[in-house]
Amino acid sequence: MLERPRIDRAPGGGVLLRLPREERALLRALPAQLRSLLDEAPEDPSLERLFPPAYDDAESESEYRALMGDELLDGRRRALRVVEETLDEDRLTAEQAQAWLTALNDLRLVLGTRLDVRDDTLLGGLSPRDPRAPELGDRGETGLRGACRP
């Protein structure tokens with residue numbers, strides 16, 4: 001039996017959300033945790049991937065951060081707020097869906113950093129007997145080393 005997609009395009013525009021209660025409960029907690037990290041520990045290394053350097057030289061980077069830092073933070077906070085405000089909705093506008101994408105990507109990056117997930121370590125735990133191994137193995141990726149480390 002085919003399961004309906006949990007997130008799908010809505011007729012007439014926007015996005016339909018068919019998220020189970022458990023997934024909504026998880027998503028209810030994560031935005032507040034990320035916002036807290038952004039507000040209380042902006043130098044936390046797990047946030048580094050959210051704000052990669054724009055310039056190689058320190059002076060230009062410092063100027064960029066002075067000019068754009070607050071705006072970048074505000075955009076991330078707005079996206080998190082949209083997720084919190086629309087979490088119980090079954091349909092999102094295109095703008096709300098974009099905010100969800102931003103917030104979920106930010107959460108993915110922070111969690112991936114905390115779990116030490118890297119591009120070159122994505123599929124190392126893939127069994128050669130897995131029917132997907134040939135197609136996934138061609139990507140040159142090699143494992144999820146250390147992702148479950150305490």
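## Tour of a predicted model

Start at Tyr-64, which is partly exposed because its relative accessible area is 24% (buried is under 20%, exposed over 50%, partly exposed in between, with a 1.4 Å probe and protein chains only). The model is predicted, so local features need pLDDT of at least 70 and side-chain atom pairs pLDDT 80 or more, while totals for chains, interfaces and linings use all residues; side-chain values use heavy atoms, with hydrogens and water left out. Residues are numbered from 1 along each chain as its sequence is written.

**Stop 1: the aromatic pair**

Keep Tyr-64 selected and add Tyr-55. How many aromatic pairs does a search of the whole structure find? The search finds 1, and Tyr-55 and Tyr-64 are its members. A pair of aromatic rings is described by the distance of the centres and the angle of the planes. Here the centres of Tyr-55 and Tyr-64 are 5.9 Å apart and the planes stand at 65 degrees, an edge-to-face arrangement (centres of Phe, Tyr or Trp rings, the six-membered one for Trp, within 6.5 Å; stacked under 30 degrees, edge-to-face over 60, tilted for the rest). Tyr-55 counts as partly exposed because its relative accessibility is 42%.

**Stop 2: a charged patch**

Now select Asp-56, Asp-57, Glu-59 and Glu-63, which form a patch of negative charge on the surface. A patch takes residues with over 30% relative accessible area and no salt bridge, joining like charges within 9 Å and nonpolar side chains within 5 Å. Asp and Glu count as negative, and the charge is placed at CG of Asp or CD of Glu. Glu-59 sits in helix H2, residues 58–86. Is Glu-59 buried or exposed? Glu-59 counts as exposed, because its relative accessibility is 57%.

**Stop 3: the whole chain**

Zoom out and colour by secondary structure. The protein chain has 4 helices and 3 strands, in the order β-β-α-α-β-α-α from the N terminus (DSSP runs: H or I of at least four residues for helices, E of at least two for strands). Of its 150 residues, 29% count as buried.

**Stop 4: salt bridges**

Switch to the charged side chains. The structure holds 9 salt bridges (a side-chain nitrogen of Lys or Arg within 4 Å of a carboxyl oxygen of Asp or Glu).

- Select Glu-23 and Arg-6: this salt bridge has its closest N and O atoms 2.5 Å apart. Glu-23 is in helix H1 (residues 21–40) and Arg-6 in the segment before strand S1 (7–9), so the bridge ties together parts 17 residues apart in sequence. Both ends are partly exposed, Glu-23 with a relative accessible area of 28% and Arg-6 with 34%.
- Select Arg-24 and Asp-90: the closest N and O atoms of this salt bridge are 3.6 Å apart. The bridge links distant parts of the chain, with Arg-24 in helix H1 and Asp-90 in the loop between H2 and strand S3 (91–92), 66 residues apart. Arg-24 counts as buried at 10% relative accessibility, whereas Asp-90 is exposed, with a relative accessible area of 52%.
- Select Glu-84 and Arg-35: their salt bridge has its closest N and O atoms 2.5 Å apart. Distant parts are linked again, as Glu-84 belongs to helix H2 and Arg-35 to helix H1, 49 residues apart. Glu-84 counts as partly exposed at 31% relative accessibility.
- Select Asp-39, Asp-74 and Arg-77: salt bridges link these residues in a network.

**Stop 5: two leucines of helix H1**

Keep Arg-77 and add Leu-34. The two are 43 residues apart along the chain, and their C-alpha atoms are separated by 8.9 Å. Leu-34 lies in helix H1 and is buried, because its relative accessible area is 4%.

Next select Leu-38, also a residue of helix H1. Which residue, 38 positions along the sequence, should be picked with Leu-38? Pick Arg-76: its C-alpha atom is 9.0 Å from that of Leu-38. Leu-38 counts as buried because its relative accessible area is 2%.

**Stop 6: a contact with helix H3**

Finish with Thr-113, placed in helix H3 (residues 94–114). How is Thr-113 classed by relative accessibility, and why? Thr-113 counts as partly exposed because its relative accessibility is 26%. Add Ser-46, which is 67 residues from Thr-113 in sequence and 5.4 Å away in space, C-alpha to C-alpha.

Definitions and conventions: Areas by Shrake-Rupley, 256 points an atom, 1.4 Å probe, with all protein chains shown as cover.
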